[in-house]
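Q: Please take me on a close look at a single part of this protein, with the pairing spelled out residue by residue.

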Amino acid sequence: GHKGYVIDEEDQLVADVIDQVMCRGALDEMKLLHDHAQFASKIPSLVQELVTVFPKALHRTGSQIMLQPGMEALARVIAARFDRALHENDIHSAAI
């Protein structure tokens, strides 16, 4: 048998946020909405919360949320904040 985590739809959304923030230094809100349409009612407010909570680290230009130069060390913290906000009272995503 195989060992590992079962990734549900919420965990896949968090994994995509992690990938975008940590690997690309940016979040593409439109791509998240396209790839995770089942969360379309939550994504805009979750992304806006990140921009509000991390105003010096993130800059919004349209649907692109860019990690500011020198703020790369906060990428994991930003992804974890998205995870917490998405799951509210649940445990952290298996993707973190």
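In E3, which residue is the bridge partner of Ala-26?

A: The bridge partner of Ala-26 in E3 is Met-66. Before going further, please keep in mind that this is a predicted model, where local features need pLDDT of at least 70, side-chain atom pairs count only at pLDDT 80 or more, and totals for chains, interfaces and linings use all residues. Residues are numbered from 1 along each chain as its sequence is written, and side-chain values use heavy atoms, with hydrogens and water left out.

Now to the setting of that pair. Strands (E, at least two residues) and helices (H or I, at least four) are DSSP runs, numbered from the N terminus, and two strands pair if DSSP finds at least two bridges between them. The sheet here is open and has three strands in the order E1-E3-E2, with antiparallel pairing. Its edges are E1 (26-28) and E2 (58-61), each of which pairs on one side only. From one strand to the next, the twist averages 20°.

Strand E3 (residues 64-67) is joined to E1 by three bridges, and Leu-27 stands opposite Ile-65 of E3. With E2, E3 shares four bridges, again antiparallel; here Leu-67 of E3 lies opposite Leu-58. E2 and E3 make a hairpin with two residues between them, and Gly-62 in that turn has a positive phi of about 65°.

What sits on the sheet? Helix H1 (residues 9-24) packs there, touching E1 and E3, where contact means heavy atoms within 4.5 Å. The direction of H1 makes about 140° with that of E1; such angles run from 0 to 180 degrees between N-to-C directions, with axes fitted to C-alpha atoms, for helices over the stretch in contact. E3 itself shows a covered face, Ile-65 and Leu-67, and an uncovered one, Gln-64 and Met-66. Met-66, the partner of Ala-26, is therefore on the uncovered face.

E3 also helps to build the largest nonpolar core, as H1, helix H3 (43-53), E3 and helix H4 (75-87) each supply at least two of its residues. A nonpolar core is a set of buried (under 20% relative accessible area, 1.4 Å probe, protein chains only) Ala, Val, Leu, Ile, Met, Phe, Trp, Tyr and Cys residues joined through side-chain atoms within 4.5 Å. Of its 24 residues, Leu-13, Ile-78 and Phe-82 touch the most other members.

Methods
Buried < 20%, exposed > 50% of the residue type's maximum accessible area, 1.4 Å probe, protein only.
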